[in-house]
Structure formats: structure tokens, C-alpha cells
Amino acid sequence: MRVTRPMLALSGAVAILALTGCGGSGDKDEAAVPKEVSGSLEHIAAEADCKPNMQTDADTIRQALCKKGKEKYVLATFSTDRGQREWLNSAKDYGGYYLVGRKWVAVGQQKTVTALQGTLGGTMEEGSEHMNPGGSHNKNGHDGGGSSHHG
């Protein structure tokens with residue numbers, strides 16, 4: 001199955017908008033981040049204790065929905081670093097929180113992806129503020145502060 005970039009950006013945007021909402025306080029700093037996991041979507045999902053519900057299974061991207069408690073998040077793997085970066089650049093226009101590893105991304109509420117970082121490793125990135133009314137998911141959010149990597 002061949003999936004075009006606009007289709008991937010759209011599916012990623014829909015998933016992000018469905019999953020991101022006003023979340024927890026995010027008081028914890030990035031303490032004790034483990035070595036970053038790698039491998040197939042199934043392997044990364046297993047590390048995160050997720051039974052992946054596959055949404056996209058293409059040559060360039062594999063994307064699944066996962067649950068962590070009551071929260072849902074998207075787990076995506078990519079065939080190339082460039083494909084991952086292009087997807088991230090498009091998806092981040094829709095806001096949200098991204099846990100980024102080598103050729104994989106987990107997207108969801110801040111508290112969800114922060115918790116995943118303790119298991120999967122990776123680096124936290126934030127989406128654009130302009131898609132989060134009132135900056136509710138970025139530097140002016142519910143926690144009254146927090147880090148913003150860009151503005």
C-alpha cells in the first residue's frame with residue numbers, strides 16, 4: 001500500500017487532535033530517562049505494555065493506537081529518519097506532545113508521553129502553540145510554566 005504525505009499528515013493530525021486534551025500538571029522533570037528502545041512497532045509497543053491497534057501499515061510508516069490506563073496515544077514507526085522528521089514537521093502544526101526516538105514517535109497528552117519516556121526513553125518535543133487555544137498545551141498551559149522548545 002502506498003500512502004502519500006498529505007494522507008499521512010492528515011491521518012496523523014486526526015489522531016493527534018483526537019488524543020490531545022488538557023492534561024496533568026507535568027511537574028516532573030526528565031529524571032532518569034532510560035536507554036532509548038528501538039525495533040519494530042510491535043517490539044516498542046510490547047516495551048510500553050501496549051497491544052497495538054493498527055491504523056496504518058505501509059512501507060514508510062506503521063501507526064497504531066495504544067492505551068495507557070484511560071489515556072490513548074499514537075505509536076508510529078518509520079522506515080527512514082527523513083520520513084520521520086517530515087511527518088513530525090507536518091504533525092507538530094496540530095499541537096500535542098511527542099516522544100521521539102530513532103524512527104519512532106509516541107503522540108498523546110503530556111502526562112501520557114512523559115510517563116512513556118520512563119519506559120521507552122526518547123526526547124520530548126511539543127507541537128505548535130497556535131493550534132492550542134490559549135497555549136493550553138505549551139508554555140502558558142495549565143501548569144503555569146513548563147518548557148517550550150520553540151515558539
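# A guided tour from the S4–S5 hairpin

Select lysine 103 to begin: in the hairpin of S4 and S5, which has two residues between the strands, this lysine takes a positive phi near 65°. The model on display is a predicted one. From this turn, follow the two strands away from the hairpin: S4 and S5 run antiparallel and are joined by five bridges. Along S5, select valine 107, which has tyrosine 98 standing opposite.

**Strand S5**

Next, display the whole of S5. Is this strand enclosed or open? Five of its five residues are buried, so S5 is largely enclosed by the rest of the structure. Colour its side chains by direction: Trp104, Ala106 and Gly108 point one way, while Val105 and Val107 point the other way, and all are buried.

Keep S5 in view and add S3. These two strands are also antiparallel, with four bridges between them. Valine 107 of S5 serves again as a landmark here, since valine 74 stands opposite valine 107.

**From S3 to S2 and S1**

Move now to strand S3 (residues 71-78) and its pairing with S2, an antiparallel arrangement joined by eight bridges. To place the two strands in register, select arginine 62 and look for its bridge partner in S3, threonine 77. At the end of the pair, select glycine 69: it belongs to the hairpin of S2 and S3, which has two residues between the strands, and takes a positive phi near 65°.

Continue from S2 to S1. Four bridges pair these strands in the antiparallel sense, and threonine 56 can be selected opposite glutamine 63 in S2. The hairpin that joins S1 to S2 passes through three residues.

**The disulfide**

Select the cysteines at positions 50 and 66. How many disulfides does the structure hold? It holds one, formed by cysteine 50 and cysteine 66, with their sulfur atoms 2.0 Å apart. The link of cysteine 50 and cysteine 66 is left-handed, with -75° about the S-S bond. Cysteine 50 lies in the loop between helix H2 (41-47) and strand S1 (53-57), and cysteine 66 lies in strand S2 (residues 61-68), so the pair ties together parts that are 16 residues apart in sequence. Both cysteine 50 and cysteine 66 are buried.

**Helix H3 and glutamine 84**

Turn to helix H3 (residues 81-91), where glutamine 84 has its place. Select Gln84, Trp87, Leu88 and Ala91, which are buried in H3. They cover an arc of only 100° around the axis, which puts them on the same side of H3.

Is glutamine 84 buried or exposed? Its relative accessibility is 6%, so glutamine 84 counts as buried. Show its side chain together with glycine 101: a polar atom of that side chain lies 2.9 Å from the backbone oxygen of glycine 101. Not counting residues up to four places away in sequence, glutamine 84 touches Phe78, Val100, Gly101, Arg102, Lys103, Trp104 and Val105. Lysine 103, the starting point of this tour in the hairpin of S4 and S5, is thus met again among the contacts of glutamine 84.

**The nonpolar cores**

In soluble globular proteins, nonpolar side chains tend to be buried together. Here, select Tyr73, Leu75, Leu99, Trp104, Leu116 and Leu120: of the 18 residues in the largest nonpolar core, these touch the most other members. At least two residues of this core come from each of H2, S2, S3, strand S4 (97-101), strand S5 (104-108) and helix H4 (110-120). A second, separate core has twelve residues, among them Ile61, Phe78, Leu88 and Val100.

**Helix H4**

For the last stop, display H4 and select Thr112, Val113, Leu116, Gln117 and Leu120, which are buried. These residues cover an arc of only 145° around the axis, which puts them on the same side of H4. What lies over them? The elements covering the buried residues of H4 include H2, S2, S3, S4, S5 and strand S6 (123-126).

Within H4, centre the view on leucine 116. Leaving aside its neighbours within four places in sequence, leucine 116 is in contact with Ala48, Lys68, Tyr73, Leu99, Ala106 and Gly121. Finish at the last of these contacts: glycine 121 comes just after H4 and takes a positive phi of about 80°.

Technical notes:
Residues are numbered from 1 along each chain as its sequence is written. This is a predicted model: local features need pLDDT of at least 70, side-chain atom pairs count only at pLDDT 80 or more; totals for chains, interfaces and linings use all residues. Side-chain values use heavy atoms; hydrogens and water are left out. A disulfide is a pair of cysteine sulfur atoms within 2.5 Å. Buried means under 20% relative accessible area, exposed over 50%, partly exposed in between (1.4 Å probe, protein chains only). Two strands pair if DSSP finds at least two bridges between them. A polar contact is a pair of N or O atoms within 3.5 Å; within protein, one must be able to donate a hydrogen and the other to accept it, and residues adjacent in sequence count only if both atoms are side-chain atoms. Contact means heavy atoms within 4.5 Å. A nonpolar core is a set of buried Ala, Val, Leu, Ile, Met, Phe, Trp, Tyr and Cys residues joined through side-chain atoms within 4.5 Å. The arc is that of the directions from the helix axis to the C-beta atoms.
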